[in-house]
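Q: I'd like to learn how to read a model like this one. Could you walk me through it?

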2 protein chains.
Amino acid sequence: MTEKLYPRFKLWLSTDDSEGAFGDGKWRLLESIGRNGSLSAAATELGISYRKAWGDIRKAERSLGVSLIEKHRGGSGGGETLLTETGKAWAQGYSSLRSEVEKTVSIAFERHIVHLERSKD
Amino acid sequence: MTEKLYPRFKLWLSTDDSEGAFGDGKWRLLESIGRNGSLSAAATELGISYRKAWGDIRKAERSLGVSLIEKHRGGSGGGETLLTETGKAWAQGYSSLRSEVEKTVSIAFERHIVHLERSKD
């Protein structure tokens with residue numbers, strides 16, 4: 001009897017010039033910026049440096065050819081960083097893509113693999 | 001204008017003890033053994049050493065708790081290595097899982113991402 005088997009997957013978007021143009025890491029970073037209204041708070045939440053967070057966003061913006069975040073200065077909190085409408089659309093679109101893939105991985109694993117595990121006994 | 005974007009994915013099966021219990025590499029190795037009737041021919045086809053091919057199969061067999069290949073001795077060719085019925089079933093099951101995921105990645109990319117690319121212009 002062996003241990004339980006789990007399906008795993010990794011999903012990302014590439015261009016010819018940029019293998020990791022967009023993926024789970026940059027998606028989570030966008031989501032966190034949207035929740036926190038701050039790039040540094042998002043970096044802290046994800047356990048990465050501010051420099052890496054900034055670099056990742058800039059790399060995604062260059063690869064995708066869009067602006068994903070924008071700074072709003074002033075106000076009581078000293079300004080904030082928000083997602084652009086395009087940034088929100090990319091976060092939502094990638095989230096939908098990822099959810100569909102995750103669901104299919106789970107269903108197809110049940111359909112094609114689970115009976116193989118059982119038949120081995 | 002940026003370059004064309006492509007969806008990419010990696011799929012694999014894990015146990016708590018074995019992160020890479022089964023995946024594309026071991027699946028391709030099984031398929032090649034099935035086609036070639038030989039572990040060394042399969043290793044050559046995939047550009048890996050016989051030692052690695054043998055180790056990968058043994059690791060998969062231990063993780064999954066099944067026998068995937070069997071040696072048949074004798075005959076004019078000096079014997080061959082074939083997939084067991086269980087090995088054939090795992091190769092087929094993983095192939096079906098992978099095909100469904102690949103199809104969903106492609107369809108969901110068209111549905112959720114492609115319009116974001118177009119809207120940036």
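A: Gladly, and let's begin with strand pairing: two strands pair if DSSP finds at least two bridges between them. Here, strand β1 (residues 6-14) of chain A pairs with β1(B) in the antiparallel sense, over 9 bridges. Helices (H or I, at least four residues) and strands (E, at least two) are DSSP runs, numbered from the N terminus. This is a predicted model, in which local features need pLDDT of at least 70, side-chain atom pairs count only at pLDDT 80 or more, and totals for chains, interfaces and linings use all residues. Residues are numbered from 1 along each chain as its sequence is written, while chains are lettered from A and ligands numbered from 1 in the order in which they are written.

Q: Which residue of β1(B) is the bridge partner of Leu13(A)?

A: That partner is Pro7(B).

Q: How many residues does each chain give to the contact?

A: Two residues are in contact if their C-beta atoms, placed from the backbone, lie within 7 Å. By that test, chain B gives 38 residues and chain A gives 38 residues. On the chain B side, the elements that supply two or more residues are β1 (6-14), α3 and α4 (85-112). The most come from α4(B), with 13 residues.

Q: What is the chemical make-up of the chain B side?

A: Ala, Val, Leu, Ile, Met, Phe, Trp, Tyr, Cys and Pro count as nonpolar, Asp, Glu, Lys and Arg as charged, and the others, Gly among them, as polar. The side of chain B that touches chain A has 20 nonpolar, 10 polar and 8 charged residues.

Q: At what angle do the axes of α1(B) and α3(B) cross?

A: Axes are lines fitted to C-alpha atoms, for helices over the stretch in contact, and angles run from 0 to 180 degrees between N-to-C directions. Helix α1 (residues 24-36) of chain B and helix α3 (residues 50-64) of chain B have axes that come within 10 Å and cross at roughly 110°. That makes α1(B) roughly perpendicular to α3(B) (under 35 degrees is roughly parallel, over 145 roughly antiparallel, 65 to 115 roughly perpendicular and the rest oblique). Gly25(B), Lys26(B) and Leu29(B) of α1(B) make the contact with Ala53(B), Asp56(B), Ile57(B) and Ala60(B) of α3(B).

Q: What is the order of elements in chain A?

A: From the N terminus on, chain A runs β-β-α-α-α-β-β-α-α, giving 5 helices and 4 strands.
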